[in-house]
Amino acid sequence: MKIRIIDLLKTTTYNINVSVNGIIDLLKTTTYNINVSVNGWVRTHRQSKNISFIAINDGSTVHNLQIVAEHEKIKKDFLKLVTTGSAIRVDGMFALSTGNQQHGEIIAQNIVLYALPTHRNILYKRKNTR
């Protein structure tokens, strides 16, 4: 995958090849403002008036990756189809997160819905039994 990184201090553009082998690599990286594509299953989906937050997981780690989808870029009617257990691909920019729950998130430019959840592949949120 060809990625363009802009060094804001020098205003120089570099083209580098970065290999991302799943969400685990993105969660470990400290390189931000790079374009990435990630495949995975939706764990949670929260919508507000102008923005949606989607947590996805690809099985490479127990941690989820947050996707931020602005309704100006991705239609809210389409996002209603993206439910827990859906298989999706997200194309966007991996950026430093403004929240304190995670260090990075993907600002979605495009979302592809591969499959809707069925009774066989639906993912349930785990509840602690203490």
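**Reading a five-strand barrel**

Modeller: The chain exposes about 8700 Å², and carbon and sulfur atoms supply 51% of that area. Accessible areas come from the Shrake-Rupley method with a 1.4 Å probe, and for residues only the protein chains shown count as cover. This is a predicted model, in which local features need pLDDT of at least 70 and side-chain atom pairs count only at pLDDT 80 or more, while totals for chains, interfaces and linings use all residues. Residues are numbered from 1 along each chain as its sequence is written, and side-chain values use heavy atoms, with hydrogens and water left out.

Colleague: What share of the residues in the chain is buried?

Modeller: Buried means under 20% relative accessible area, exposed means over 50%, and partly exposed lies in between (1.4 Å probe, protein chains only). Here, 34% of the 130 residues are buried.

Colleague: How many helices and strands does the chain have?

Modeller: Both are DSSP runs numbered from the N terminus: helices are H or I with at least four residues, strands are E with at least two. This chain has 2 helices and 7 strands, in the order β-β-α-β-β-β-α-β-β from the N terminus.

Colleague: Which strands make up the closed barrel?

Modeller: Strands pair if DSSP finds at least two bridges between them. The barrel has 5 strands in the order S3-S4-S5-S7-S6, and the pairing is mixed. Neighbouring strands of this sheet are turned by 55° against each other on average, direction ignored. For such angles, axes are lines fitted to C-alpha atoms (for helices over the stretch in contact), and angles run from 0 to 180 degrees between N-to-C directions.

Colleague: Which strands pair with S3?

Modeller: S3 (residues 34-47) pairs with S6 in the antiparallel sense over 8 bridges. S3 also runs antiparallel to S4 (residues 51-57), joined by 6 bridges. S3 and S4 form a hairpin with 3 residues between them, and glutamine 47 stands opposite serine 52 in S4.

Colleague: Why is S6 described as largely enclosed?

Modeller: Because 7 of its 10 residues are buried, S6 is largely enclosed by the rest of the structure. S6 (residues 87-96) also pairs with S7 (residues 104-115), antiparallel over 10 bridges. The bridge partner of arginine 89 in S7 is valine 112.

Colleague: Is aspartate 91 of S6 buried or exposed?

Modeller: Aspartate 91 is buried, with a relative accessible area of 15%. A contact means heavy atoms within 4.5 Å. Leaving out residues up to four places away in sequence, aspartate 91 touches Val36, Ser37, Ile107, Ala108, Gln109 and Asn110. Serine 37 stands opposite aspartate 91, and their side chains make a polar contact at 2.5 Å. A polar contact is a pair of N or O atoms within 3.5 Å; within protein, one must be able to donate a hydrogen and the other to accept it, and residues adjacent in sequence count only if both atoms are side-chain atoms.

Colleague: How many salt bridges does the structure hold?

Modeller: A salt bridge is a side-chain nitrogen of Lys or Arg within 4 Å of a carboxyl oxygen of Asp or Glu. The structure holds 2. One joins aspartate 91 to arginine 89, with the closest N and O atoms 3.0 Å apart; arginine 89 is partly exposed at 25%. Another joins lysine 73 to glutamate 70 (3.8 Å, N to O). Lysine 73 is partly exposed at 41%, and glutamate 70 is partly exposed at 29%.
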